[in-house]
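Biologist: Could you pull up the model and walk me through its core and its cysteines?

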Amino acid sequence: MDIDRIDAAAARLAGHARRTPLLSSPFLDEIAGRRVLVKAECLQHTGSFKFRGAWSAISKLAPEDRAAGIIAFSSGNHAQGIAAAAKMHGVPAVIVMPSDAPAAKVAGTRGLGAEVVPYDRATEDRDEIGARLAAERGLTLVKPFDEPEVIAGQGTCGLEIAEQAAEAGVTEADVIVCCGGGGLTSGIALALEARAPGMRVRPAEPEGFDDVTRSLASGEIESNAQLSGNICDAIITPRPGNITFPIMKRLCGPGLVVTEEEALRAMHAAFRHLKIVAEPGGAVALAAALYHGSEIEGDAVICTVSGGNVDPEVFRRALDTTF
């Protein structure tokens, strides 16, 4: 994994992915006690950054492998990214999704033409299901985060952050990234190492599912005790990836952990002051920026809002939460 692979992914994504904005609000600055810049990946195709990695990986496949079809496993955002990219390439997609995935994400995935195979994330192994179906049907598996071309695609978000932050006059800052398995976090970290070395990436995770934060603290890969039971479904993974963790260990600062309540408050703040819709898992970085200021360094902070695919009842709950 290096900047050349990310630059190559950027070339393949040109004309296909959106260059999402870097937003700001004086009201958020006041809450945080410093300047806050928000990379709004919720405005990316399919409502999350995952389209970047999906297109990067699928567009890199050999034509015969791509034509045979794609399989992926995801709680929803990678699913929709893969479904959209596969549809745009004119190839079939099968997505293994947890049975408790938000209805909006399941409907979105099916609406993009993908076949959805449900599973119980508490009792079944999605890796085993994906590998079995791939072998039975001759499909190519595109992993959600521990895949070089997926990481490269997510790294293109980091290229944009480097350019946009420089345009805003910010060259040194903590860059807080919503983190599940580490694909977006490690990709952005690699991009910023090359293009904005004054930036330090820091993963943000939900309380009780902070495997990356604990792994960075111990220096070894740590696992989560459970795989469900938090509204931040988009970034709940068993453990960091074997590819992503060494990158994060080398390049990232300490992790930040937020509560469900803080994620909901950040969703409300993003809607009120930035006019964007964030899902809980996509709001944890903003929550860290707004409510964990004592753990952040510098006069400015950059954070991702990585996804906006939220069910209406959860969004209503966020709007009823005082930020």
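Modeller: Here come a few questions and answers about the nonpolar core and the cysteines.

This is a predicted model, where local features need pLDDT of at least 70, side-chain atom pairs count only at pLDDT 80 or more, and totals for chains, interfaces and linings use all residues. Residues are numbered from 1 along each chain as its sequence is written, and side-chain values use heavy atoms, leaving out hydrogens and water.

Biologist: Which element gives the largest share of the largest nonpolar core?

Modeller: By nonpolar core I mean buried Ala, Val, Leu, Ile, Met, Phe, Trp, Tyr and Cys residues joined through side-chain atoms within 4.5 Å. This one has 40 residues, and the elements giving two or more include β2 (35-40), α12 (260-274) and β10 (300-305). Helices (H or I, at least four residues) and strands (E, at least two) are DSSP runs, numbered from the N terminus. The largest share, eight residues, comes from α13.

Biologist: Is Cys 157 buried or exposed?

Modeller: Buried means under 20% relative accessible area, exposed over 50%, and partly exposed in between (1.4 Å probe, protein chains only). With a relative accessible area of 0%, Cys 157 is buried.

Biologist: And why is there no bond from the sulfur of Cys 157 to that of Cys 178?

Modeller: A disulfide needs a pair of cysteine sulfur atoms within 2.5 Å. The sulfur in Cys 178 is the closest cysteine sulfur to that of Cys 157, yet it's too far for a bond, at 10 Å.

Biologist: How many disulfides does the structure hold?

Modeller: Take Cys 42: its nearest cysteine sulfur, that of Cys 178, is 9.9 Å away, and Cys 42 is in no disulfide. For the structure, the count of disulfides is zero.
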